[in-house]
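Hi everyone, thanks for making time today. Let's look at a structure together, and please stop me whenever something is unclear.

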Amino acid sequence: MSDADAQTCGDHSQWAETSHCRVAGVRHFGAFAAVELIAPRVARRAAPGQFVMVTVPGGGFLLRRPISLFAAHGDRIGLLVEARGGGSEQLTQLDVGDNVDVAGPLGSAFPTEGVTNALLVGGGIGCAPLQYLADQLAAEGAQVTAAFGFRDFRSARAAGAFSIDRLWVATEDGSVGKAGTVLHILASLDVAPGTTIYACGPNPMVAAVQRWTFAEGLRGYVSLEAHMACGTGSCHGCVVDTARGKVRVCSEGPVFRLDEVTP
Amino acid sequence: MISDGPQHSVSLGPILLDHPLVDASGTFDLLEYSRRYDGDYFADFPYAAYVPKTVTADARTGNPAPRVTETPSGMINAIGLENPGIHAWIDQLPEWASLRQPVIVSVGGNEPEQYAAVIAALEAHLAAAAAGTAPRIEGYELNVSCPNVSSGLQIGADPSATAEVVAACREATDRFLLAKLTPNVRDVTEAGAAALGAGADGLSLVNTFKAMVLDRQTLKPFLGNRTGGLCGPAIKPIALRMVAEVAQAFPDTPIVGMGGVMTGLDALEFIACGATAVAVGAANFTAFEAPSRILQELRDELEARGFASVAEARGMALRA
C-alpha cells in the first residue's frame, strides 16, 4: 500500500481545553460501564477513533485517563470504561447527575471516506471506539461487519453495550460465541475484495490482525492503546515503534495505517 | 503609575520575568498546546518564560515503552531525553518566533563537550539568524540531572563532573546559565557550589527522584527502563527542603525552584523557601488550564496576604 492509496490519519480537529460535563446516563455490563456525558463542544468536533482525557473524580488521582469515544451524537458523547485499576474503577461508578472533567477530542481519527465494505476487529476494551466508527460508516452507507474477541465470559459482558447489525463474538474460553480469538472469526468470514479493516485491541491481537490483513491483500487502520501521562503531546510517554521511528500514540495516533506500526 | 496590587515581576538574574512561573523542561510543549487551542496560544502563553524539552547534540530515540505511570500522589517517568538533536531542533525555531516571553534552553549530554556543542551550534545560528526567525533565547539550563539516560550516571551527582560541564558551557556563551541539580545526592549544596564556582549564574532544582515501580502482577519492573524519575506532589516536601538549603547556602543566587507544584500556594511555598522563580512540571499533565489557574492562584495568594511584591515573600521560611 502506498501513501497515495490510503488516507492519512492526521489533521483532525483537536481541542484540549477542559469541559465540565454532566453524566446523563450510565449502563453497566459487568465490570464495564457505558457512560453518556453532556459535552456539546467535544461532540461537535469529534470523529471516530479520537479519545478524551478524563479526570478521575474525587481528587485521589493525579493523571487523567485516556478513553476513546464510544459514541458522539448531538450534544452527547459516550465512553465505555472497564474497571481495570483504581482510576478506571472509579469512572465505572459514575452516577447520573455526577460531574466529570473531560478534555478533547484528541488524536487522529479513522478515515472513512469512500469506504463501501468495512470489517471492524476488536479485542476487549479495544472494541469501544468501533461502535462510534460503525455508526459513522453506516451513516455513510458502508456495509459494516464486526468481529470482537474477549478473554472469557466476564469480559464478554462488554458486548452487551454494542449495537452493530453484523457482530460476531469469540471468547478464548468458549463461553460466549465462537471458541477462540477474533482470528477464528476472520477465518470463517467471506470477506469482499477491497474491504477496509479497522482494528483496535491489545498489541498481540493487532499484530495477528495485521498479518491476516496483509495475507488477504487488504488494507486498513488500527487504533493503538498506550500508557499516557498528558495525552496532548508534551510528555512523550506513550510512544510506539513505527516505520518512521518512535511516535506518540496521543499525538501522531492513536489511529495509524495498519502497515506503518510494529506493535 | 500607581500599582493596584502586588508586583508580580521578578528578575531571574538578567532575565526580567512578568511573574515567577515557568514550565519545567519536558512537561510542556508549546507547539502541541498551540495545536489544541482555539485562540492564539502564543498571545495567551501563560508562563513568564518557556523552558522547552531538553535538547542534545545528536538525536535520541529515548527509552522503550512503557515510559510513564501514576504513583501515589505522583507519577514516574523514564522518557530518556528523546529529542531530534540540536540541528533539527534549530530548524523549528521559526515556529516559536512570535513568542513574546524569553526562552531558556534546556541542554543535555553525556560529556562536557556535548553540552558545549549544543550551545555553540545554537549561538552560531542565532548570530547569523535573520530578525524575526527565532524567539528571544536569553539563557540555558544545563540538565545534569536526568535519571533516565542509558549511561546510568548522573553528572549532577558528582560535583567535579558538574563543574566541568558548566565550565565548558560558560566558554560557549555569555547568556544566563542555570545548572539543574539532581536531588539524588547526600548534600545538594555540593553540586550547587561546584556549578556556581565554574561559572553558572543560577541554580534550578529539583529534577526527579530516581525511583522504581513494579508491575504488581508479574513483580517485574514496570517501566521499559526499569527505573524512572519520581515527580508530583509526593516529592514537594523534599524539594522545598532542598531549595531552602540551596537558598541559605547561596543567598544572592537566582534559583528556580520546582517539585510537585500543583497550586498557587505550592508555588508561594517555593518562593518562601528562597526560589526566585518556580517551575511547574507534572501539573501540566493534569489539565490544559493548569498553568493559568496556578498563576491566578499565586496572584490571589500574594494579594490576600498583603505582599507588595513577590520579592517580599521570597525567603520567608528562611528567616527567624
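I'll talk about a sheet in chain A and then a pair of helices in chain B. Please keep in mind that this is a predicted model.

Let's start with chain A. Here 7 strands make up an open sheet, and going across it you meet them in the order β10-β9-β8-β7-β11-β12-β15, with mixed pairing. Where does the sheet end? Its edge strands are β10, residues 178–179, and β15, residues 255–257, of chain A, each of which pairs on one side only.

Now zoom in on two neighbours in chain A. Strand β7, residues 117–123, runs parallel to strand β8, residues 143–150, and 7 bridges join them. One place to look is A:Leu120, which stands opposite A:Ala146 in β8(A). A helix also packs on this sheet: α6 of chain A, residues 203–215, touches β7, β8, β11 and β12 of chain A. The direction of α6 makes about 170° with that of β11(A).

Over to chain B, and the helix pair. Helix α4, residues 159–172, and helix α5, residues 188–197, both of chain B, have axes that come within 8 Å and cross at roughly 30°. The cut-off for roughly parallel is under 35 degrees, so α4(B) and α5(B) are roughly parallel to each other. The crossing of α4(B) past α5(B) is right-handed.

Which residues meet there? From α4(B) we have B:Pro159, B:Ser160, B:Thr162, B:Ala163 and B:Val166, and they meet B:Glu190, B:Ala191, B:Ala194, B:Ala195 and B:Gly197 in α5(B). By type, the residues of this contact between α4(B) and α5(B) are 6 nonpolar, 3 polar and 1 charged.

Key: Residues numbered from 1 in each chain as written. Chains lettered and ligands numbered in written order. Predicted model: local features only at pLDDT ≥ 70, side-chain atom pairs only at ≥ 80, totals over all residues. Pairing = 2+ DSSP bridges. Helix = DSSP H or I, 4+ residues; strand = E, 2+ residues; numbered from the N terminus. Contact = placed C-beta atoms within 7 Å. Axes fitted to C-alpha atoms, helices over the stretch in contact; angles between N-to-C directions. Parallel < 35°, antiparallel > 145°, perpendicular 65-115°, else oblique. Left-handed = near helix turned anticlockwise from the far one by under 90°. Nonpolar A, V, L, I, M, F, W, Y, C, P; charged D, E, K, R; others polar.
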